[in-house]
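Reader: I am new to this structure and would like a close look at a single part of it. Please take one helix and follow its packing and its surroundings with care.

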Amino acid sequence: MSQGDGNPHKPQAGKGPKAPSAKTLARRQARTLAMQALYSWHIAGQQLNEIEAQFRVDNDFSAVDGAYFHEILHGVPRQKSEIDGAFEPLLDRPLAEIDPVELSILRLSTYELKNRIDVPYRVVINEGIELAKVFGATDGHKFVNGVLDKLAPRLRADEVRANKR
């Protein structure tokens, strides 16, 4: 069989993975900056409004979903106890021993799993893993993946069950 003959197991000419939409890229940028801002908040304890203002000055927000950045940056600290309580039982060590970058990623991802049902759980997990690959420790992405894989069925049981069919 030649390419383009309808065989789904062979690559089609001109067809590769679909490029992410502008909205997807803007959300990804918002997550990246929000994770860094949450890290800053965790480490330095600065006021959220100060952190947000600094990030908006220091970064080009033209390709960032600014509203999403704001929601995550302010939503995670507001729900910190509930968020930490959701994933803490799944940890293999005390919360205080979690790397601050990975903790920021887990908090961000848990917030999305709990509050942003419009974002599929698989996207939340994948985005968390990608953040950990870029910013986390050597095997941080494996740790983040393990926790989020266990957390998703607890917070999105119906969605996870529907995807296993």
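Author: What follows is a walk around helix H5, with a few neighbouring parts added for context.

The model is a predicted one, and the setting can be given briefly before the helix itself is examined. The secondary structure of the chain amounts to eight helices and zero strands, so that, by the definition of these elements, H5 is one of the helices numbered from the N terminus. Of the 165 residues in the chain, 41% count as buried. Among the contacts that join residues at least 6 apart in sequence, 70% link residues at least 24 apart.

Helix H5 covers residues 100-115, and helix H7, covering residues 140-155, packs against H5 at an angle of about 25 degrees, with the two axes 10 Å apart. Since angles under 35 degrees count as roughly parallel, H5 is roughly parallel to H7. The crossing of these two helices is right-handed. On the side of H5, the contact is made by Glu102, Ile105, Leu106, Ser109, Thr110, Leu113 and Lys114, while H7 brings Gly140, Phe143, Val144, Val147, Leu148, Leu151, Ala152 and Leu155. Sorted by class, the residues of this contact are 10 nonpolar, three polar and two charged.

The packing of H5 with helix H6 has another direction to describe, for here the angle is about 165 degrees, again with axes 10 Å apart. Because angles over 145 degrees count as roughly antiparallel, H5 is roughly antiparallel to H6. The crossing of H5 and H6 is right-handed. In this contact Val101, Ile105, Ser109, Glu112 and Leu113 of H5 meet Tyr121, Val124, Gly128, Leu131, Ala132 and Phe135 of H6. Eight of the residues in the contact of H5 with H6 are nonpolar, two are polar and one is charged. Reading the two contacts together, Ile105, Ser109 and Leu113 of H5 appear in the contact with H7, and Ile105, Ser109 and Leu113 are also listed in the contact with H6.

One residue of H5 deserves a separate look, namely Tyr111, which lies in this helix. Tyr111 has a relative accessible area of 5%, and because buried means under 20%, Tyr111 counts as buried. Leaving out residues up to four places away in sequence, Tyr111 touches Glu71, Ile72, Gly75, Val76, Gln79, Ile83 and Arg116. For one of these partners, Gln79, the C-alpha atom is separated from that of Tyr111 by 8.0 Å, although the two residues are 32 apart along the chain.

Arg116 leads on from the helix, for its place is in the loop between H5 and helix H6, the latter covering 121-135. With a relative accessible area of 14%, Arg116 is buried. When its neighbours within four places in sequence are set aside, Arg116 is in contact with Arg27, Tyr68, Glu71, Tyr111 and Arg156. Glu71 is thus listed among the contacts of Arg116, and Glu71 is also one of the residues that Tyr111 touches.

Arg156, the last of those partners, lies in the loop between H7 and helix H8, which covers 157-163. Its relative accessible area is 3%, and Arg156 is buried. Apart from neighbours within four places in sequence, Arg156 is in contact with Glu112, Leu113, Arg116, Ile117, Val119, Pro120, Tyr121 and Val124. Among these, Glu112 and Leu113 belong to the part of H5 that meets H6, and Tyr121 and Val124 belong to the part of H6 that meets H5.

For context, another pair of helices can be set beside this region. The axes of helix H1 (residues 22-44) and helix H2 (residues 48-58) come within 10 Å and cross at roughly 135 degrees, and H1 and H2 are therefore oblique to each other. In this pair, Leu33, Gln36, Ala37, Ser40 and Trp41 of H1 meet Leu48, Ile51 and Phe55 of H2. The residues of that contact divide into six nonpolar, two polar and no charged. Within H2, the residues Leu48, Ile51, Glu52 and Phe55 are buried, and they cover an arc of only 95 degrees around the axis, which puts them on the same side of H2. These buried residues pack against H1 and helix H3, the latter covering 66-78, whereas the face of H2 turned away from the buried side carries the exposed residues Asn49, Val57 and Asp58.

Notes. Residues are numbered from 1 along each chain as its sequence is written. This is a predicted model: local features need pLDDT of at least 70, side-chain atom pairs count only at pLDDT 80 or more; totals for chains, interfaces and linings use all residues. Side-chain values use heavy atoms; hydrogens and water are left out. Axes are lines fitted to C-alpha atoms, for helices over the stretch in contact, and angles run from 0 to 180 degrees between N-to-C directions. Helices (H or I, at least four residues) and strands (E, at least two) are DSSP runs, numbered from the N terminus. Angles under 35 degrees count as roughly parallel, over 145 as roughly antiparallel, 65 to 115 as roughly perpendicular and the rest as oblique. Contact means heavy atoms within 4.5 Å. Ala, Val, Leu, Ile, Met, Phe, Trp, Tyr, Cys and Pro count as nonpolar, Asp, Glu, Lys and Arg as charged, and the others, Gly among them, as polar. A crossing is left-handed if the near helix is turned anticlockwise from the far one by less than a right angle, and right-handed if clockwise. Buried means under 20% relative accessible area, exposed over 50%, partly exposed in between (1.4 Å probe, protein chains only). The arc is that of the directions from the helix axis to the C-beta atoms.
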